[in-house]
Amino acid sequence: MSQSSHGRASSPEHASNVRQLQSVRTALSRPDAIIDPNIIKSLRLFPSISIKVDRGSNRQEQLKKYLGEGQALLSRSYCGYTKSCNLLLDWMKNIQDSKTINNA
């Protein structure tokens, strides 16, 4: 049986929590994850899963740490692709409209 970073034997439940944490971390890190309608669920789940995986003793301190880490992952993943696409579409509409006006 493998050992965790805290010297305890790794259980199937712990392994499942580690996989779930990786999945949530990936969801929070995707480009423009903030616009995903389900991202709040991932953001809320991140601290509780992180605490289970970490198995530390000071839950209050861990909660603060992981709340901040989850928010940082989400904010660093913002790229603004949707905003950029909308801006380009607006420009294209203006270009199309001006061609139509000039041809009239």
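Among contacts between residues at least 6 apart in the sequence of the protein chain, 59% join residues at least 24 apart. This figure, like the others below, is computed from a predicted model. The protein chain contains four helices and zero strands, giving the pattern α-α-α-α when read along the sequence. Of its 104 residues, 25% are buried. The accessible surface of the protein chain amounts to about 7,600 Å², and carbon and sulfur atoms account for 56% of that area.

The aromatic residues offer a point of entry into the interior. One aromatic pair is present in the structure. A pair of aromatic rings is described by the distance of the centres and the angle of the planes. For Phe 46 and Tyr 66, the ring centres are 6.4 Å apart and the planes stand at 80°, so the pair is edge-to-face; the angle required for that class is over 60 degrees. The pair connects distant parts of the chain, since Phe 46 belongs to helix 2 and Tyr 66 to helix 3 (residues 59-76), with their positions 20 residues apart in the numbering. Phe 46 and Tyr 66 are both buried.

Tyr 66 also leads to a further residue of helix 2. Ser 50 lies in this helix, which spans residues 39-54. Its relative accessibility is 3%, and Ser 50 therefore counts as buried, the limit for that term being under 20%. When neighbours within four places in sequence are left aside, Ser 50 is in contact with Leu 21 and Tyr 66. Tyr 66 thus appears both as the ring partner of Phe 46 and as a contact of Ser 50.

Definitions and conventions: Residues are numbered from 1 along each chain as its sequence is written. This is a predicted model: local features need pLDDT of at least 70, side-chain atom pairs count only at pLDDT 80 or more; totals for chains, interfaces and linings use all residues. Side-chain values use heavy atoms; hydrogens and water are left out. Helices (H or I, at least four residues) and strands (E, at least two) are DSSP runs, numbered from the N terminus. Buried means under 20% relative accessible area, exposed over 50%, partly exposed in between (1.4 Å probe, protein chains only). Contact means heavy atoms within 4.5 Å. Rings of Phe, Tyr and Trp (its six-membered ring) pair if their centres lie within 6.5 Å; planes under 30 degrees apart count as stacked, over 60 as edge-to-face and the rest as tilted. Accessible areas come from the Shrake-Rupley method with a 1.4 Å probe; for residues, only the protein chains shown count as cover.
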